[in-house]
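Colleague: Before I use any of these labels, I would like to hear what each of them rests on. Can we go through them one at a time?

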Amino acid sequence: MPREKPNYRETLAFLTEQGYSMSLSKTETQKILGISWEYLNKLIAKDYIKEVCGKIPLGSVANYICG
């Protein structure tokens, strides 16, 4: 099992404190990351960000932010 990225828990806690739920729409994810719709779809296709049943888990966004 891979190790947790540095500052992952802090990033996840920060996003939760900002009022984001544990599953996000693509629009919310775009706003958090400050990226375009097309780039978000590329990240999902390359599996950098996970999509589950049309929603994006907050943990996946935190993982991407941490590098």
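Colleague: Which residues does Ile-49 touch, not counting residues up to four places away in sequence?

Modeller: Ile-49 touches Leu-33, Leu-40, Leu-43, Ile-44, Ile-56, Ser-60 and Tyr-64 under that restriction. Contact here means heavy atoms within 4.5 Å. This is a predicted model, in which local features need pLDDT of at least 70 and side-chain atom pairs count only at pLDDT 80 or more, while totals for chains, interfaces and linings use all residues. Residues are numbered from 1 along each chain as its sequence is written, and side-chain values use heavy atoms, with hydrogens and water left out.

Colleague: What makes a set of residues a nonpolar core, and which members of the largest one touch the most other members?

Modeller: The term is for buried Ala, Val, Leu, Ile, Met, Phe, Trp, Tyr and Cys residues joined through side-chain atoms within 4.5 Å. The largest such core has 15 residues, and those touching the most other members are Leu-15, Ile-32, Leu-33, Leu-40, Ile-49, Ile-56 and Val-61. Two or more residues come from each of helix 1 (8-17), helix 2 (26-33), helix 3 (37-45) and helix 4 (58-65). Helices (H or I, at least four residues) and strands (E, at least two) are DSSP runs, numbered from the N terminus.

Colleague: Why is Thr-29 called buried?

Modeller: Buried means under 20% relative accessible area, exposed over 50%, and partly exposed in between, with a 1.4 Å probe and protein chains only. Thr-29 has a relative accessible area of 0%, so the residue is buried. Thr-29 is in helix 2. Leaving out residues up to four places away in sequence, Thr-29 touches Leu-24, Leu-40, Ile-56 and Val-61. The C-alpha atoms of Thr-29 and Leu-40 are 8.2 Å apart, with their positions eleven residues apart along the chain counted as the separation.

Colleague: How do you know that helix 2 and helix 3 are roughly perpendicular?

Modeller: Two packed helices are described by the angle between their axes and the distance between the axes. For helix 2 and helix 3 the angle is about 100° and the axes are 10 Å apart. The axes are lines fitted to C-alpha atoms, for helices over the stretch in contact, and angles run from 0 to 180 degrees between N-to-C directions. Angles of 65 to 115 degrees count as roughly perpendicular, under 35 as roughly parallel, over 145 as roughly antiparallel and the rest as oblique. Helix 2 and helix 3 are therefore roughly perpendicular to each other.

Colleague: Which residues make that contact?

Modeller: Helix 2 gives Lys-26, Thr-27, Thr-29 and Gln-30, and helix 3 gives Trp-37, Leu-40, Asn-41 and Ile-44. By class, the contact has three nonpolar, four polar and one charged residues. Nonpolar covers Ala, Val, Leu, Ile, Met, Phe, Trp, Tyr, Cys and Pro, charged covers Asp, Glu, Lys and Arg, and the others, Gly among them, are polar.

Colleague: What makes the phi of Asn-7 worth a remark?

Modeller: Phi of Asn-7 is near 70°, a positive value in a residue other than glycine. Most residues other than glycine have a negative phi. Asn-7 is in the segment before helix 1, and at 51% relative accessibility Asn-7 counts as exposed. Cys-53 also has a positive phi, near 55°. Cys-53 lies in the loop between helix 3 and strand 2 (56-57).

Colleague: Is Cys-53 buried or exposed, and how many disulfides does the structure hold?

Modeller: Cys-53 has a relative accessible area of 80%, so this residue is exposed. A disulfide is a pair of cysteine sulfur atoms within 2.5 Å, and the structure holds zero of them. Cys-66, with a relative accessible area of 21%, is partly exposed.

Colleague: Why is Thr-16 called partly exposed?

Modeller: Thr-16 has 39% relative accessibility, so the residue counts as partly exposed. Thr-16 is in helix 1. Leaving aside neighbours within four places in sequence, Thr-16 is in contact with Met-22 and Leu-58. Thr-16 and Leu-58 are 42 residues apart in sequence and 8.4 Å apart in space, C-alpha to C-alpha.
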